[in-house]
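Here are a few short exercises for you to work through with the structure open beside you. Try each task yourself before reading its solution.

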Amino acid sequence: MDDEKRAHLLSFLKVIPPVDFCCVYGSVLHTTNHDKSTMVDYILGVSDPLQWHSENLKMNADHYASWMVLLGGAKLVTEVADKIGVGVHFNPFVTWNNKMFKYGVVRMHDLVQDILNWERLYLSGRLQKPVNMLVDNLDIKDVNSVNLRAAVSAALLLLPPKFTEEDLYAKICSLSYMGDLRMFFAEDRNKVKKIVQGQFDLFQSMYKPFLEEYEGKDLLRFSSSENQHANIYQDCGLPVARSHVSFLPPAIRSLMGIRLGRKKVTSESVQALHEVVIGSREEATKRMQKVLRRTVMVSSARQAVSGLLTVGGVKAARYLTNKMQKAWRSWT
């Protein structure tokens with residue numbers, strides 16, 4: 001992203017209260033002349049959402065649904081996000097400087113927990129895909145490396161012995177859409193393919209360190225192909241599968257262990273740990289899929305209800321119509 005574009009994206013932050021974290025994502029990352037009718041998507045991390053929304057309502061009350069402003073203000077906004085949604089409040093269709101924006105506000109603690117544990121696999125899923133971090137006061141980029149490694153491990157469990165580099169990124173990209181209710185009626189059926197093909201170079205730069213590490217350990221082997229996208233061969237043995245599972249977030253391993261069983265082991269620090277009992281790669285993969293699908297399904301349902309409440313009837317109808325039009329075009 002060039003300096004001029006970055007400066008323009010940063011300029012929007014001048015009209016809202018200060019944030020500890022900010023990233024942009026979506027089509028803005030790979031387009032040069034951005035359509036004025038297309039929303040620029042932001043994720044904003046703040047230490048105290050209640051205080052932040054209180055300040056933002058004084059500055060930008062028109063960003064919020066009028067009924068929320070009248071009936072409860074910042075307290076209601078925060079409670080709906082936390083108790084009905086997954087801790088994120090979105091303001092879509094915000095117009096500023098002849099551009100349209102959508103921004104989601106999340107508590108920094110919740111953001112970090114989702115990155116490390118996949119308890120909701122919502123914003124952690126977003127950060128498994130290319131983003132451009134504009135503000136990073138708490139070094140989320142470094143924290144997110146745990147998330148990226150876990151995503152690689154999960155994707156490799158789901159892939160066959162031979163696959164392409166594009167297959168790998170598509171599988172990573174699809175993790176946070178497994179079970180997503182929107183994919184059944186309100187999302188482009190080719191969404192994953194379009195994301196990967198449109199941002200292939202960005203995926204490569206994100207995941208290159210992990211792939212090189214796995215190659216160095218002889219877990220992956222690369223060979224060139226005609227389209228310059230590498231063919232990849234992986235070790236599908238049980239020891240490697242166990243290693244992949246060990247890199248999955250604690251919350252996911254815990255849910256897998258309920259069905260597969262757990263055993264106590266002693267680490268080098270003499271601390272008792274519980275590992276998931278894995279009898280076969282296929283069994284582990286199947287159980288992981290079920291856990292991820294259920295996690296995403298619950299999160300997507302909660303966020304959908306929260307979104308319909310918080311954006312107001314007109315904006316909700318407008319947003320859903322835009323989504324469904326894209327979905328129907330992809331199906332026809």
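**Exercise 1. Two crossing helices**

Task: Find α12 and α13 in this predicted model, and work out the handedness with which α12 passes α13.

Solution: Start with the crossing itself, where α12 passes α13 in a right-handed sense. Next, look at who touches whom: α12 brings Ile 252, Leu 255, Met 256, Arg 259 and Leu 260, while α13 brings Glu 283, Ala 284, Arg 287, Met 288, Val 291, Leu 292 and Thr 295. Sorted by class, this contact has 8 nonpolar, 1 polar and 3 charged residues. Now turn to the geometry. Two packed helices are described by the angle between their axes and the distance between the axes. Helix α12 covers residues 250-260 and helix α13 residues 281-311; their axes are 9 Å apart and make an angle of about 125 degrees. The two helices are therefore oblique to each other.

**Exercise 2. A second helix pair**

Task: What are the angle and the axis distance for α5 and α7?

Solution: Locate helix α5 at residues 108-117 and helix α7 at residues 140-158. Their axes lie 8 Å apart, at an angle of about 30 degrees. Angles under 35 degrees count as roughly parallel, and α5 and α7 are therefore described in that way. For the contact, Met 108, Leu 111, Val 112, Ile 115 and Leu 116 in α5 meet Ile 140, Val 143, Asn 144, Val 146 and Asn 147 in α7. By class, that gives 8 nonpolar residues, 2 polar ones and no charged ones.

**Exercise 3. The sheet of 5 strands**

Task: In which order do the 5 strands of the open sheet stand?

Solution: Reading across the sheet, the order is β3-β4-β2-β1-β5, and the pairing is mixed. At the edges stand β3 (88-96) and β5 (131-136); each has a single partner strand, so one side of each is left without a neighbour in the sheet. On average, neighbouring strands here are turned by 20 degrees against each other, direction ignored. Now zoom in on one pairing: β1 (residues 21-25) and β2 (residues 39-46) pair in the antiparallel sense over 5 bridges. As a landmark, find Tyr 25, which stands opposite Asp 41 in β2.

**Exercise 4. An aromatic pair**

Task: How many aromatic pairs does a search of the whole structure find, and why is the pair of Phe 12 and Tyr 42 tilted?

Solution: The search finds 11 aromatic pairs. For Phe 12 and Tyr 42, the ring centres are 5.2 Å apart and the planes stand at 40 degrees, so this pair is tilted. The pair links distant parts of the chain, 30 residues apart: Phe 12 is in the loop between α1 (3-11) and β1, and Tyr 42 is in strand β2.

**Exercise 5. The sheet of 3 strands**

Task: Which strands stand at the edges of the sheet β6-β8-β7?

Solution: The 3 strands of this open sheet have antiparallel pairing. The edge strands are β6 (162-164) and β7 (220-223), each with a single partner strand, so one side of each is left without a neighbour in the sheet. Neighbouring strands are turned by 30 degrees against each other on average, direction ignored. β6 pairs with β8 (residues 231-234) over 3 bridges, and Lys 162 has Tyr 233 in β8 as its bridge partner. Finally, add helix α8 (residues 165-174): it lies across β6 and β8, running at about 85 degrees to β6.

Methods
Residues are numbered from 1 along each chain as its sequence is written. This is a predicted model: local features need pLDDT of at least 70, side-chain atom pairs count only at pLDDT 80 or more; totals for chains, interfaces and linings use all residues. Side-chain values use heavy atoms; hydrogens and water are left out. Axes are lines fitted to C-alpha atoms, for helices over the stretch in contact, and angles run from 0 to 180 degrees between N-to-C directions. Helices (H or I, at least four residues) and strands (E, at least two) are DSSP runs, numbered from the N terminus. Angles under 35 degrees count as roughly parallel, over 145 as roughly antiparallel, 65 to 115 as roughly perpendicular and the rest as oblique. A crossing is left-handed if the near helix is turned anticlockwise from the far one by less than a right angle, and right-handed if clockwise. Contact means heavy atoms within 4.5 Å. Ala, Val, Leu, Ile, Met, Phe, Trp, Tyr, Cys and Pro count as nonpolar, Asp, Glu, Lys and Arg as charged, and the others, Gly among them, as polar. Two strands pair if DSSP finds at least two bridges between them. Rings of Phe, Tyr and Trp (its six-membered ring) pair if their centres lie within 6.5 Å; planes under 30 degrees apart count as stacked, over 60 as edge-to-face and the rest as tilted.
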